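Hello,

Here is the structure we talked about, ready for you to open and turn around. Please have a look at it first, and then read my notes underneath.

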Amino acid sequence: MAEGYRIDDNKTPNENSNESRRDSSYLSLRNAEDLSNWTHYPHTDEASMDLSYLNLDGMTLHHNLELMKPVEDSNNQQKKDVQFLFLQHNRLDFIPANINKFRSLKHIDLSNNFLSEINEAIFELKQLNILIVRNNLLGDFSLPKKLGTLEHLQELNLSGNLFRTIPPEIVDLSNLKSLHMGGNQLEELPRDIWKLEKLEVLYLGGNHLRDIPAEMGRLHQLRSLILCENQLQSLPSSISHLRRLRSLSLHKNQLTTLPPEIVTLKGLVELSLRDNPLVVRFVQDMTYDPPSLRELAARTIKLFRIPYKKRDLPPGLIDYLNCACRCVNPKCRGVYFDVRVEHIKFVDFCGKYRIPLLQYLCSPRCSDISSASHSDVTSSDDDSDVPHSRLRRVLLG
């Protein structure tokens, strides 16, 4: 028996929809109704159809769409076209070609289905603005080549799928403003990602990314960048070019330091760094392996400027002495060779809080000298009086 669509007259528009659907009409699937009798909710500017949670597969949806007829009001005038279509939480294994009858569709949600590809029927939806296909079975070759022809598409959500990289079809979406690809299997990002020049939101959390291409710094409209729960060990200095960035999420990575240029992001108001080695090393006690006898002797020669000639020492020791690194603490005259102490220095950031940057000292005692002499250095180098609330916001997110 054909399934039909009608309004539940006992509910208001807001009660018919979990999210109000922007006060749009709400259509619920009922049994034993003729398809030609379904109507739009009155007094609305936009029409929507909700076919979610109905256990529909691709063929069932195709059959229902074939039976559907244009709806006319009491004056024999056709009702407004559907602009919002909700098909999430079904059993769809393909998108029926006759979905193109919704020529005015702006928003379609296909989340939580079994889609392994997006077919070319989507190209007929020229007004499509938002496409949500979360939690399906899409991979690197699941998108149609002509996806870039959707000139009005501004939001694309492909989170919870099987992508290993961002396909070139997505990079061709020149008007895209929001891209969500969290919870995939991304291992790398394309270097031509800069072509998404209108992008404002980029969500890449929960993937397997180890590095970020420097070209990311060319996304000048970006306001929110989510890179949490990856395997990042560093960030490119070009991230400082994202002058409009307001939120940067980096928690649960493998970051050991941040590029110093990050302090130039004056508009940044949210920064999450928790659960990174950089933070763990600050919060926990530092471990320090004592230097070898050879290093202690070499440090003594350098510190007290003991004179020696090439004939006095083997060539290997001469080379070793020449590779000495100066301690960065301005109050210390020491050097180090193989053994060093990783020390976190807090740098003023946007006048709101301080961020930790990694530097190397010659010994743990050297860090005590640095903090004890805070009155002799600028506030940007002082890490002894950082407000706890600011530290918590940066370190713990």
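Below is what turned up, beginning with the charged pairs. Please keep in mind that this is a predicted model.

**Salt bridges**

Side chains of opposite charge can pair when their charged atoms come close. Searching the whole structure gives eight salt bridges, and here are some of them.

One of the eight joins Arg103 and Glu124, with 3.0 Å between the closest N and O atoms. This pair connects distant parts of the chain, 21 residues apart: Arg103 sits in the loop between strand 4 (82–86) and strand 5 (107–109), and Glu124 in the loop between strand 5 and strand 6 (130–132). Arg103 is partly exposed, at 47% relative accessible area, and Glu124 is partly exposed too, at 34%.

Next come Glu169 and Lys145, whose closest N and O atoms are 3.3 Å apart. Glu169 belongs to helix 3 (residues 168–171) and Lys145 to the loop between strand 6 and strand 7 (155–157), so this salt bridge ties together parts that are 24 residues apart in sequence. Are the two partners buried or exposed? Glu169 counts as buried because its relative accessibility is 6%, which falls under the 20% limit. Lys145, on the other hand, is exposed, with a relative accessible area of 66%.

Then there is Glu215 with Arg191, where the closest N and O atoms lie 3.4 Å apart. Glu215 is in the loop between strand 9 (201–203) and strand 10 (224–226), while Arg191 is in the loop between strand 8 (178–180) and strand 9, so the pair ties together parts that are 24 residues apart in sequence. Arg191 counts as exposed, at 56% relative accessibility.

**An aromatic pair**

The count of aromatic pairs comes to one. Tyr320 and Phe337 form it, and the pair is stacked, with 4.7 Å from centre to centre and 15 degrees between the planes. Distant parts of the chain are linked here: Tyr320 is in helix 6 (residues 315–322) and Phe337 is in the loop between strand 14 and strand 15 (341–349), 17 residues apart. Both Tyr320 and Phe337 are buried.

**A positive patch**

Now to the surface. Which residues gather in a patch of positive charge there? They are Lys302, Arg305, Arg326 and Arg333. Arg333 is in the loop between strand 13 (325–326) and strand 14 (335–336), and Arg333 is exposed, at a relative accessible area of 59%.

Happy to go through any of this with you.

Best wishes

Technical notes
Residues numbered from 1 in each chain as written. Predicted model: local features only at pLDDT ≥ 70, side-chain atom pairs only at ≥ 80, totals over all residues. Heavy atoms only, no water. Patch = residues over 30% accessible without salt bridge, like charges linked within 9 Å, V, L, I, M, F, W, Y side chains within 5 Å. Areas by Shrake-Rupley, 256 points an atom, 1.4 Å probe, with all protein chains shown as cover. Salt bridge = Lys/Arg side-chain N within 4 Å of Asp/Glu carboxyl O. Lys, Arg positive; Asp, Glu negative; His and termini not counted. Charge placed at Lys NZ, Arg CZ, Asp CG, Glu CD. Helix = DSSP H or I, 4+ residues; strand = E, 2+ residues; numbered from the N terminus. Buried < 20%, exposed > 50% of the residue type's maximum accessible area, 1.4 Å probe, protein only. Phe/Tyr/Trp six-rings, centres within 6.5 Å; stacked < 30°, edge-to-face > 60°.
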